[in-house]
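Work through the exercises below with the model open. Try each task before reading its solution.

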Amino acid sequence: MYRVPTIMLFQIIKLLSLIPFRVLYYFSDVLAWLAHDVVGYRRKVVTDNLRSSFPDKSDKELRAISRKFYRFLGDYIVETIKLASMSEKTIRKRMRVENAEELNEAVRRGQSVSIYLGHYCNWEWVSSLPLHIDRCARCAQVYHPLSNKAFDRLLFRLRTRFDANNIPMADIMQTLIGWKRAGVPSVTGYIADQVPGLNIHLFVDFLNHDTLVYTGPERISKFLGAKAVYAHITRPRRGYYVLRFIPICENAKKEEIFTPSREYFRLLEENIKEAPQYWLWSHRRWKRTREQFYQYHGDKAAEMLSHL
C-alpha cells in the first residue's frame with residue numbers, strides 16, 4: 001500500500017536534490033528561521049539541554065549555540081535531501097575520510113569492525129563509507145524503522161545509495177552472525193547516543209548528566225571480537241566534513257566489561273564540546289533517570305548494573 005507514495009516521495013526528493021547546494025542553503029536558512037523564531041520547534045528542550053550540559057556558559061553563549069544548532073538542523077535536512085542524487089565524486093569530496101586504511105587492515109585479516117558514532121554533524125553522509133572500505137567486507141548500519149512507512153522506505157533508499165546495508169536493530173545480530181559464519185568480516189556503524197529503555201545496564205557521566213546508555217554495540221562487538229573505533233567528525237565549512245577514526249580497542253572481546261561503551265561516550269563528549277552546535281540537542285536525551293531505573297528493577301537493579 002505504501003509503495004506508490006514512497007516512489008512519488010523519492011522522485012520529489014530527487015528533483016529537489018538537483019538544486020545546487022548554494023540555493024538549497026538559502027532554503028536551509030529559511031527553515032532555521034521558521035524553526036527557531038516562528039514555530040519555536042522544541043526551543044525549550046534545546047535550551048534546557050544546553051543549560052544543563054554547559055552550566056558554566058553564559059546565557060549569551062547558550063543562545064548563540066542554540067541559533068547555530070537550528071541553522072545546522074536546516075543544513076542537515078537539505079544535505080540529506082542531496083543524498084538522492086549526489087555522485088560518488090561529490091560525496092568523496094564533501095565527506096572526506098582520513099584514515100580508512102586502519103579499518104581495511106582489520107577486515108583484510110578477517111576481523112570485523114564496529115564504528116561508534118553519534119547524532120553529530122551529518123551522520124547520514126557516513127553511509128558513503130562503503131566507498132572507502134575493501135570489498136572483502138560488508139558495510140552495515142543499524143537503524144530503527146519509522147512508523148511512517150513511506151518515510152521509512154525513503155530513508156532506506158537514501159542510506160543505501162552507496163551500497164551500505166541498512167539493517168533494523170531487531171535483525172542486526174542474526175545478520176552479523178550469518179556473515180561471520182560465512183567468513184565475511186563486517187564494518188558496522190552504531191549510532192548509540194539515543195534514549196534507551198530501562199532494561200539497559202549502564203549509566204555514564206555524559207555532558208554533565210548521569211546518563212543511561214545503550215550497551216548493545218559493545219555486546220555485539222565482544223561476540224564478534226571486533227575492532228572498535230569512534231567516528232570523529234568535524235565540519236571545516238558549510239557542506240564539508242572530515243571523518244577520522246579514533247581507536248577504542250583492538251579487540252572488544254579482550255576488554256573489561258563496559259570499557260568500550262565508556263570510552264565511546266568520552267570521545268563523543270569531546271567531539272561535541274569542540275563544536276556543540278552540531279549535536280542533536282532537540283531530542284529529550286535525559287528523560288530516563290537512575291531513580292526510574294531502580295524503581296523499575298527493584299532488588300535486581302544492582303545486579304543489572306554489573307553485567308552486559
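Three exercises follow, on a strand, on nonpolar cores and on a helix pair.

This is a predicted model, in which local features need pLDDT of at least 70, side-chain atom pairs count only at pLDDT 80 or more, and totals for chains, interfaces and linings use all residues. Residues are numbered from 1 along each chain as its sequence is written, and side-chain values use heavy atoms, with hydrogens and water left out.

**Exercise 1. Place strand S2 among its partners and describe its two faces.**

Step 1. Locate the strand. S2 spans residues 113-117. Strands here are DSSP runs of E, at least two residues long, and helices are runs of H or I, at least four, numbered from the N terminus.

Step 2. Find the partners. Strands pair if DSSP finds at least two bridges between them. S2 runs parallel to S5 (residues 186-191), with 5 bridges. It also runs parallel to S8 (residues 227-237), with 4 bridges.

Step 3. Pick out residue pairs. Val-113 has Val-187 as its bridge partner in S5. Tyr-116 lies opposite Tyr-230 of S8.

Step 4. Check burial. Buried means under 20% relative accessible area, exposed over 50% and partly exposed in between (1.4 Å probe, protein chains only). In S2, 5 of 5 residues are buried. One side carries Val-113, Ile-115 and Leu-117; the other carries Ser-114 and Tyr-116. In a regular strand, side chains alternate between the two faces of the sheet.

**Exercise 2. Describe the nonpolar cores.**

Step 1. Fix the term. A nonpolar core is a set of buried Ala, Val, Leu, Ile, Met, Phe, Trp, Tyr and Cys residues joined through side-chain atoms within 4.5 Å.

Step 2. Take the largest core. It has 86 residues, and those touching the most other members are Ile-115, Val-187, Phe-206, Leu-243, Phe-245 and Trp-281. Helix H4 (residues 59-82) gives the largest share, 9 residues.

Step 3. Find the second core. This separate set of 11 residues includes Val-142, Trp-179, Ile-220 and Ala-226.

**Exercise 3. Follow Ile-172 into the packing of H8 and H9.**

Step 1. Place the residue. Ile-172 belongs to helix H8 (residues 172-181). It is buried, at 4% relative accessible area.

Step 2. List its contacts (heavy atoms within 4.5 Å). Beyond four places in sequence, Ile-172 touches Val-142, Ile-167, Thr-188 and Ile-220.

Step 3. Describe the helix pair. H8 and H9 (residues 216-224) pack at about 15°, with axes 11 Å apart. That makes the two helices roughly parallel, a label for angles under 35 degrees. Ile-172, Met-173, Leu-176, Ile-177 and Lys-180 of H8 meet Ile-220, Phe-223 and Leu-224 of H9.

Technical notes: Axes fitted to C-alpha atoms, helices over the stretch in contact; angles between N-to-C directions. Parallel < 35°, antiparallel > 145°, perpendicular 65-115°, else oblique.
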